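Colleague: I should be grateful for a close look at the helix packing in this model, within each chain and across the chains. Please set it in the context of the whole assembly.

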Protein chains: 2
Amino acid sequence: MNYRFSERLGSFSSSAVREILKLTQGNSILSFAGGLPAEEHFPAQAISEAFGRVMEQGNKALQYGLTEGYLPLRQALCRRMEKKHVKVTPDDMLVTTGSQQAIDLLTRIYIDPGDVILVERPTYLSALQVFRSYGAVPISVDGDTDGLNLADLEAKLKQYNPKMLYVIPTFSNPAGRAWSEERRRGVLELCRRCDTLILEDDPYGELKFGDKSVEYRSLFSLDRHPEGSCVVYTSTFSKTVAPGLRTGWVMADPEIIRQMARAKQAADLQSSSLDQQTLYQLLEHFDLDGHIEFVRTEYEARKKHLVSLLEQYAWPGVTWEEPKGGMFIWLRLPKEIDTGALLKIAVQEGAAFVPGVSFYAEDPELNTLRMNFTYNDTATTIEGMKRLDRAMQSVLVKG
Amino acid sequence: MNYRFSERLGSFSSSAVREILKLTQGNSILSFAGGLPAEEHFPAQAISEAFGRVMEQGNKALQYGLTEGYLPLRQALCRRMEKKHVKVTPDDMLVTTGSQQAIDLLTRIYIDPGDVILVERPTYLSALQVFRSYGAVPISVDGDTDGLNLADLEAKLKQYNPKMLYVIPTFSNPAGRAWSEERRRGVLELCRRCDTLILEDDPYGELKFGDKSVEYRSLFSLDRHPEGSCVVYTSTFSKTVAPGLRTGWVMADPEIIRQMARAKQAADLQSSSLDQQTLYQLLEHFDLDGHIEFVRTEYEARKKHLVSLLEQYAWPGVTWEEPKGGMFIWLRLPKEIDTGALLKIAVQEGAAFVPGVSFYAEDPELNTLRMNFTYNDTATTIEGMKRLDRAMQSVLVKG
């Protein structure tokens, strides 16, 4: 049998992170690679109780449901969003299999091969993977710790007339940045002027460190919404409740939602009914905000711990941005170091991270890498950093 | 904001069934439309126990998992498949969000715009929806109750050199047909000769009526497999356990599985970890085969009941094929009747079905319709048929 794969096949590169995850499964590698939340903080008891409540509803809970998602869950999400300056109805919302699926579905209905999508530099690698799989051309816009560089954005909007801008404005992956409100408003204004749709990916917005009074408004909430919004907003419960429930959602202009729902019918009919109903019961009967408060305090402590270790090791020429929230810290090594080569040594030493190369639309800076600080407990982090140090010493000395 | 949707947007037609489902939600319409299993037979208690076992495993059960699917579930599926003359390993298998996602992912990696996909006449409407969304051109092959017409298949293989043939050989949707082994072997031989990949969709294979000793071998089991197989086989637990768990799987040559897994990474990273683990625990601790035996006996009784009512009403010029298994019966009305118009009257009378038009790749026979016989209990079926009779009388008299 001679298989005749599609021409787009070559564009499905496998995610570096997931390949590394595979590599580390079942052996003793301590990994800073995956975007994994801390397992020991999952609200397992509350999830069990929520599942029990679902099953009390009777067998209907196990039947097919609407493509758009379980209505009570969408209603609960609308109420939750109100506290975040967002007024939407269930018709402006679609439940997805994680926010990854929202990225995929929007790309599917909005992008033609050859279309340019502007992205941050660096940006989420699996979004790049989706965009390329549909034949889109991702092009990056410069930025700093306050967000996108507005002059560069304006120039690239003019140059490429892109259909879409993909951003993670609040605790970005991989750089951990949080945009200032001025930048947020500036990006909105520029994109609206050019009819460039903004895909705002917000998986980490609730994981805020530092001054609690600081509020990072979503682009979606700052724009007119939902009708006529130039922002499509997606988030997920993977980081605040648990990834195993695989539930995200997307809010947008209702016409965009309708089209995404049609694409979802074709893709998988609907996401898990059980997971959606379990999450709904959890939202109704569990203090999710209290839980998030606990998780983010823990994550901030882990971040501080990892930063303190980085400061102790003080590898020559290695710098980082202090993350304002989220799950990642982004390291820059001396220019001559290729972190892909470093990873191989690190894995031999028993530690892993994600080389920076995968996070760039173009012209990757090979001397960068991403570390996760949420998954490992204190002891594991200390041991993992020891191993990473051995790998670092070997390349930094050589360098 | 002027939205700039993709050119492929027009190809996302909404599924007729799901639109009808929406129409019937929350009001008193008795529906024969959806492909819904009987809720009262879901093994809810066993699912609850399985979930309990999952949660006993600890918090890791709620973490991210492999894109390919929960390994113990894949291993259990391999053991299950062995009883069906199939020898595969977990590497030849991918867990999906229902078998719908398997159809989507294979199309995504295998089909380019303009490619021809041969299908049965009639065939599953949501597969047509997927194929068209990727710009493929579905073309139907004639068939009868024994399966595809081999002469017509041979002619169309020659004429179109199609990359793919999509079929439901065992209790087809919508026609309820089961192919003879001769036809199965004939189709395999012809497709292998032309390097045409067969997508074998088998959601209903376990729901067999009549003589228990009759065995319908899957095309996949009849072909060399898994390496170099010209068949990609997909099935699901939606009809045998419950749709709410949203879990299907696909088996194929390992290279095809690898490519589909990459596409799945982009699409949604992975299916629900909880659902997969719950199914695994169910397979380990519950007599699924006994349960399936119970369900198919019930479904056969429901089929007989619906057929007896059809015989009683004996609408003039209305004929049907006796389904050999599955969930559907396919009706043919007098030529001049448009079942789309009939549906509107039926909905006014409080009953629903799916007009045949959506099940055709081309040249739809507008005088056909699909009825589901698994969802409604006896009393509901009797009342629904009364309502349908009123609608029928009004068009058959007019006709």
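Modeller: The account below proceeds from the whole assembly to the helix contacts and then to the backbone of the loops.

This is a predicted model, in which local features need pLDDT of at least 70 and side-chain atom pairs count only at pLDDT 80 or more, whereas totals for chains, interfaces and linings use all residues. Residues are numbered from 1 along each chain as its sequence is written, chains are lettered from A and ligands numbered from 1 in the order in which they are written, and side-chain values use heavy atoms, with hydrogens and water left out.

Chain A contains 13 helices and 15 strands; these are DSSP runs numbered from the N terminus, with helices being H or I of at least four residues and strands E of at least two. Its radius of gyration is 21 Å, close to the 21 Å given by the globule rule for 399 residues, so chain A is as compact as a globular protein of that length. That radius is taken over C-alpha atoms, and the rule is 2.2 Å times the number of residues to the power 0.38. The C-alpha trace of chain A spans about 60 × 60 × 50 Å along its principal axes.

Chain B is superposed on chain A by a rotation of 180 degrees with 0.0 Å of shift along the axis, at an RMSD of 0.0 Å. The two copies are thus related as by a two-fold rotation axis. Superposition is by least squares on the C-alpha atoms of residues with pLDDT of at least 70 in both copies. Among the residues of chain B, B:Ser272 comes closest to the rotation axis, its C-alpha lying at 3.6 Å. Of the interface residues of chain B, 100% are also interface residues in chain A, so the copies meet through the same surface.

Across the chains, helix α9 (residues 254-268) of chain A packs with helix α4 (residues 98-110) of chain B at an angle of about 95 degrees, their axes being 5 Å apart. Axes are lines fitted to C-alpha atoms, for helices over the stretch in contact, and angles run from 0 to 180 degrees between N-to-C directions. α9(A) and α4(B) are therefore roughly perpendicular to each other; angles of 65 to 115 degrees count as such, under 35 as roughly parallel, over 145 as roughly antiparallel and the rest as oblique. In α9(A), A:Gln265, A:Ala266, A:Ala267 and A:Asp268 meet B:Gln100, B:Gln101 and B:Asp104 in α4(B), contact meaning heavy atoms within 4.5 Å. By class, the contact of α9(A) with α4(B) has two nonpolar, three polar and two charged residues. Here Ala, Val, Leu, Ile, Met, Phe, Trp, Tyr, Cys and Pro count as nonpolar, Asp, Glu, Lys and Arg as charged, and the others, Gly among them, as polar.

Within chain A, helix α3 (residues 71-82) packs with helix α10 (residues 273-285) at about 40 degrees, with axes 9 Å apart. α3(A) and α10(A) are therefore oblique to each other. The crossing of α3(A) with α10(A) is left-handed; a crossing is left-handed if the near helix is turned anticlockwise from the far one by less than a right angle, and right-handed if clockwise. The residues A:Pro72, A:Leu73, A:Ala76, A:Arg79 and A:Arg80 of α3(A) meet A:Gln276, A:Leu279, A:Tyr280, A:Leu283 and A:Glu284 of α10(A). Six nonpolar, one polar and three charged residues make up this contact of α3(A) with α10(A).

In chain B, α3 (residues 71-82) and α10 (residues 273-285) pack at an angle of about 40 degrees, with their axes 9 Å apart.

Three loops of chain A merit mention. A:Pro122, in the loop between β3 (116-120) and α5 (125-133), follows A:Arg121 through a cis peptide bond with omega near 0 degrees. Another cis bond joins A:His225 and A:Pro226, with omega about -10 degrees. A:Asn161, in the loop between α6 (150-160) and β7 (164-167), has a positive phi near 45 degrees.
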